[in-house]
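Trainee: I've got a fold on my screen and want to talk through its strands, helices and charged pairs. Can we go through it together?

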Amino acid sequence: MIAATLAFAARLVSGTTVHWQCDPRAPRQRVYFANHSSHLDFVVIWSALPPALRASVRPVAGRDYWEQGPVRQYLADHVFHAVLIERAPEKSDHSASVARASIQRMADEMADRYSLIVFPEGTRGVAGQLGPFKSGLYYLSRARPDVELVPVYLDNLNRILPKGEMLPVPMLSRVVFGLPLPAEPRDDKDVFLARARDALIRLRAEP
């Protein structure tokens with residue numbers, strides 16, 4: 001009941017129109033990767049999914065944010081079933097080991113059932129711009145080559161819940177689920193990340 005109510009509220013506040021280029025009900029595990037501009041991003045993607053899929057699609061989110069207070073922690077654990085990961089400051093002495101552990105945790109948490117929602121930029125970007133992708137998506141794709149990678153473009157979410165604000169402003173938005181990224185096992189990291197980022201940029205231009 002809570003999940004259904006939150007999904008309805010998210011769709012209402014965001015005025016979301018949803019466009020699917022891939023089959024939303026395909027029986028495949030997926031990693032949905034999206035641009036990031038608002039705390040509402042994963043909630044809107046999750047609410048745009050067919051109801052039957054929501055229980056098996058888990059957002060990846062920062063433990064430091066979602067464990068602040070009992071309400072956030074309850075939602076993360078019992079409604080979204082989020083995969084909470086540690087985030088270390090970039091270029092810190094242990095950032096590489098934390099990143100490796102996070103990728104392994106994501107791959108393990110998928111098991112043989114779950115899909116994930118991830119944000120390859122790693123942090124919220126500037127409105128209307130797509131920042132460089134961090135390497136996590138590449139390493140996750142290598143750890144789980146059996147899953148589909150589906151780009152998801154979010155339009156206008158940054159205006160509904162701007163950075164630093166607590167209350168959303170009702171406004172129209174758009175979610176575009178693209179075609180799965182073609183598998184190219186021989187791609188090196190930079191080529192792979194460029195292909196994935198380009199897939200999102202193309203969705204931005206969709207009518």
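Mentor: Sure. Let's fix one term before we start: a residue counts as buried under 20% relative accessible area, exposed over 50%, and partly exposed in between. Keep in mind that this is a predicted model.

Trainee: With that cut-off, is R174 buried or exposed?
Mentor: The cut-off for buried is under 20%. R174 has a relative accessible area of 12%, so R174 is buried.

Trainee: And which residue is the bridge partner of R174?
Mentor: Look at how β6 pairs with strand β7 (residues 173-177): they're antiparallel, over four bridges. The two side chains also meet in a salt bridge, at 3.6 Å from N to O. One end lies in β6 and the other, R174, in β7, so the pair ties together parts 19 residues apart in sequence. The partner is D155.

Trainee: What about the other neighbour, how many bridges join strand β2 to β6?
Mentor: β2 covers residues 30-34, and the two strands run parallel. As one example of the pairing, F33 stands opposite P151 in β6. The number of bridges is five.

Trainee: How many of the eight residues of strand β6 are buried?
Mentor: β6 spans residues 148-155. D155, at 29% relative accessibility, is partly exposed, while E148 is buried. The strand is largely enclosed by the rest of the structure, because the buried count is seven.

Trainee: Which residue forms a salt bridge with E148?
Mentor: The closest N and O atoms of that pair are 2.8 Å apart. E148 sits in strand β6 and the partner in strand β2, so the contact ties together parts 118 residues apart in sequence. Both ends are buried, and R28 joins them in a network of salt bridges. The partner is R30.

Trainee: Where does E86 lie, given that R63 forms a salt bridge with E86?
Mentor: Their closest N and O atoms are 3.0 Å apart. R63 belongs to helix α4 (residues 63-66), and the pair ties together parts 23 residues apart in sequence. E86 is partly exposed, at 48% relative accessible area. Its place is the loop between β4 (83-85) and α6 (95-110).

Trainee: Last one: which residues of helix α5 are buried?
Mentor: α5 runs over residues 70-79, and P70 and H78 are exposed on the other side. The buried ones are L75, A76 and V79. They fall within an arc of 120° seen down the axis, so what they line is one face of the helix: L75, A76 and V79.

Methods
Residues numbered from 1 in each chain as written. Predicted model: local features only at pLDDT ≥ 70, side-chain atom pairs only at ≥ 80, totals over all residues. Heavy atoms only, no water. Buried < 20%, exposed > 50% of the residue type's maximum accessible area, 1.4 Å probe, protein only. Arc of directions from axis to C-beta. Pairing = 2+ DSSP bridges. Salt bridge = Lys/Arg side-chain N within 4 Å of Asp/Glu carboxyl O.
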